[in-house]
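Let's take a walk through this protein together. Have the model open and turn it as you read.

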Amino acid sequence: MTAPTLVLASASPRRLELLAQIGITPDRVVPADIDETPHSKELPRVYAERMALEKASAVDAPYCHVLAGDTVVAVGRRILPKAENEDQARACLDLLSGRRHRVFSAIALSAPDGDVRLKLSVSAVKFKRLSAEEQDAYIRSQEWRGKAGGYAIQGEAAGLISWLQGSHSGVVGLPLYETRTLLRSAGFAIA
Ligand SMILES: Cc1cn([C@H]2C[C@H](O)[C@@H](COP(=O)(O)OP(=O)(O)OP(=O)(O)O)O2)c(=O)[nH]c1=O
């Protein structure tokens, strides 16, 4: 039997690096081009799962397994944007400062026979109360660009996060425990 072929449906270098961390190199990387606008009143968990499923289905890769992920930062029911400018990043930091929020990381794996499996990792994260100087320094770092909730736990923000419950890799963008389980259940030989 030939080994299954894996396509990573992602433009995120983080997801590729995270897969490499557990010894997996996809055969191909094909970003999924989908509309990522949340539906009105859509719950963060529902949104993360829908996005992962849509990304996995959007890539045209016959005879392949397609893996996709989506990471959503939420304060209560409120979905924070992927920060694209300083105003958005500051607004995110204001919301996150001194309180707990949740990070929903959904992964979807579609099989060549059309079967799609989904897994969700939910983490809780707490930022210290941020001073104006800390906020300014973080904005200067530029690390918030393109990140859900306007921060990256794998960078400088780690020094501002006082507590984490859940999956560090899930917060970064690909929950590795769930990913390994999903790939093994689909027949990938992972030690
Ligand atoms: C909270 C958090 C998010 N992120 C990133 C991971 C994701 O790249 C991004 C969330 O956006 P996503 O829509 O999940 O991913 P993406 O658009 O970057 O890539 P693709 O859809 O092509 O796979 O935020 C971090 O890198 N670190 C963090 O601590």
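The paragraphs below go from a pocket to a helix beside it and then to two residues.

Keep in mind that you're looking at a predicted model. A good place to begin is with empty space. Rolling a probe the size of a water molecule over the atoms shows where such space is left. Here the largest pocket has a volume of about 670 Å³. It has 35 lining residues, and those closest to its centre are Glu36, Thr71, Lys82, Gly146 and Ala148. Helices α1 (13-21), α2 (44-58) and α5 (168-172) each give two or more residues to the lining, and so does strand β3 (65-75). The largest share comes from β3, with 5 residues. What sort of residues make up the lining? They split into 19 nonpolar, 7 polar and 9 charged.

Now pick out α1, one of the elements that lend residues to the pocket lining. Which of its residues are buried? Arg15, Leu18 and Leu19 are. Look down the axis of α1 and you'll find these buried residues within an arc of 100°, so they line one face of the helix. Swing round to the face turned away from that buried side, and you meet Glu17 and Gln21, which are exposed. And what covers the buried residues of α1? The cover includes β1 (6-8), α2, β3, α5 and α6 (176-185). Just after α1 comes Gly23, which has a positive phi, near 80°.

Next, head over to strand β3, where you'll find Asp70. UniProt, in an unreviewed entry, lists Asp70 under "active site". Is this residue buried or exposed? Asp70 has a relative accessible area of 4%, and buried means under 20%, so it counts as buried. If you skip its neighbours within four places in sequence, Asp70 touches Arg15, Glu36, Ala48, Met51, Ala52, Lys55, Phe104, Ser105 and Ala106. You've already met two of these: Arg15 is one of the buried residues of α1, and Glu36 is among the residues closest to the pocket centre.

Finish with another contact of Asp70, namely Lys55, which sits in helix α2. With a relative accessibility of 7%, Lys55 is buried as well, because that value is under 20%. Again leaving out neighbours within four places in sequence, Lys55 is in contact with Ala9, Arg15, Ala32, Ile34, Glu36, Ala68, Gly69 and Asp70. Arg15 and Glu36 turn up in the contacts of Asp70 and in those of Lys55, so try putting these four residues on screen together.

Technical notes:
Residues numbered from 1 in each chain as written. Predicted model: local features only at pLDDT ≥ 70, side-chain atom pairs only at ≥ 80, totals over all residues. Heavy atoms only, no water. 1 Å grid on protein atoms, 1.4 Å probe; cavity = no way out; pocket = protein on both sides within 12 Å on 5 of 7 lines; lining within 4 Å. Points joined across faces, edges and corners; volume = space filled by probe spheres on them. Helix = DSSP H or I, 4+ residues; strand = E, 2+ residues; numbered from the N terminus. Nonpolar A, V, L, I, M, F, W, Y, C, P; charged D, E, K, R; others polar. Buried < 20%, exposed > 50% of the residue type's maximum accessible area, 1.4 Å probe, protein only. Arc of directions from axis to C-beta. Contact = heavy atoms within 4.5 Å. UniProt positions renumbered as here; feature names shortened; annotations may be inferred.
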